[in-house]
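User: I'm new to this structure and would love a close look at one part of it. Could you pick a helix, show me what it packs against, and follow the trail from there?

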Amino acid sequence: MTTRRWSIAAVVLFAGYAATIAGANWATTLWPAVAVAGLHIPAGALFAGLAFTVRDLLQDAVGTRTTLLAVALGAALSGLVAEPRIALASATAFAVSELVDLGIYTPLHDRSHLAAVSASNAVGLLVDSLLFLPLAFGSLTYLAGQLVGKTATTALAVAVLAGVRARRRAVPA
């Protein structure tokens, strides 16, 4: 954490990010996969897809080190609300995928924020799914549904972010 004071937005992003990780694991433990167009989408995939965009925003607000602390907090909270195999699989998958996301997002951010969010989320959600599913369920059976669910949530989050940014530019300061 830097020495600057945290804004309310940064606190909300930090708590929200940790909550999306725990929420994804809680939903995966509690609810069965949702069948949509022949795909089985684990309920947690919808939360997990949102986590990647929130992570990027959190990094912008508080920096990399504090964002990594939020990853650890989310994993710890998951241990309280999810089955142990889900929490452990998630902690492993999020740790690796968030580092990959970070490695893609950081160098692209200054060129185009939305491109950085889109590219890092696309790769991050793929890595997360490829690690999480075998660790949690012993197979990649839900891979297509996992990718569709995470991609849909991520696309919605990126669209909202693009709309907010466009509105800010359109409104004179």
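Analyst: Happy to! This is a predicted model, and a good place to begin is helix 1, whose buried residues pack against helix 2 (43-62), helix 3 (64-81), helix 4 (84-109) and helix 5 (113-137). Helix 1 itself covers residues 8-30, 23 residues in all. From its first C-alpha to its last it reaches 31 Å, close to the 33 Å expected at 1.5 Å a residue.

Which residues of helix 1 are buried? Among them are Ala10, Phe14, Tyr17 and Ala18, and further along the helix you will find Ile21, Gly23, Asn25 and Thr28.

Now step across to one of the partners. Leucine 58 sits in helix 2, and its relative accessible area is 0%, so it is buried, the limit being under 20%. What does leucine 58 touch, once residues up to four places away in sequence are set aside? On the list are Ala10, Leu13, Phe14 and Tyr17, together with Gly63, Thr67 and Ala70. Of these, Ala10, Phe14 and Tyr17 also appear among the buried residues of helix 1.

That leads to the largest nonpolar core, a group of 15 residues in which Tyr17, Leu58, Ala70 and Phe94 touch the most other members. Helix 1, helix 2 and helix 3 are the elements that give two or more residues to this core. Helix 2 gives the most, with six residues. There is also a second, separate core of eight residues, which includes Ala93, Phe132, Leu133 and Ala136. As background, nonpolar side chains tend to be buried together in soluble globular proteins.

How far is leucine 58 from alanine 93? The two are 35 residues apart in sequence, and their C-alpha atoms are 19 Å apart in space.

Alanine 93 brings us to one last stop, aspartate 128, which lies in helix 5. Aspartate 128 counts as buried because its relative accessibility is 3%. Leaving out neighbours within four places in sequence, aspartate 128 is in contact with Phe52, Ala93, Phe94, Ser97 and Lys150. With lysine 150 there is a polar contact too, side chain to side chain, at 2.3 Å.

So the trail has two stops to remember: leucine 58, buried at 0% relative accessible area, and aspartate 128, buried at 3% relative accessibility.

Conventions:
Residues numbered from 1 in each chain as written. Predicted model: local features only at pLDDT ≥ 70, side-chain atom pairs only at ≥ 80, totals over all residues. Heavy atoms only, no water. Helix = DSSP H or I, 4+ residues; strand = E, 2+ residues; numbered from the N terminus. Expected span 1.5 Å × (residues − 1). Buried < 20%, exposed > 50% of the residue type's maximum accessible area, 1.4 Å probe, protein only. Contact = heavy atoms within 4.5 Å. Polar contact = N/O pair within 3.5 Å; in protein donor to acceptor, adjacent residues only side chain to side chain. Core = buried A, V, L, I, M, F, W, Y, C linked by side-chain atoms within 4.5 Å.
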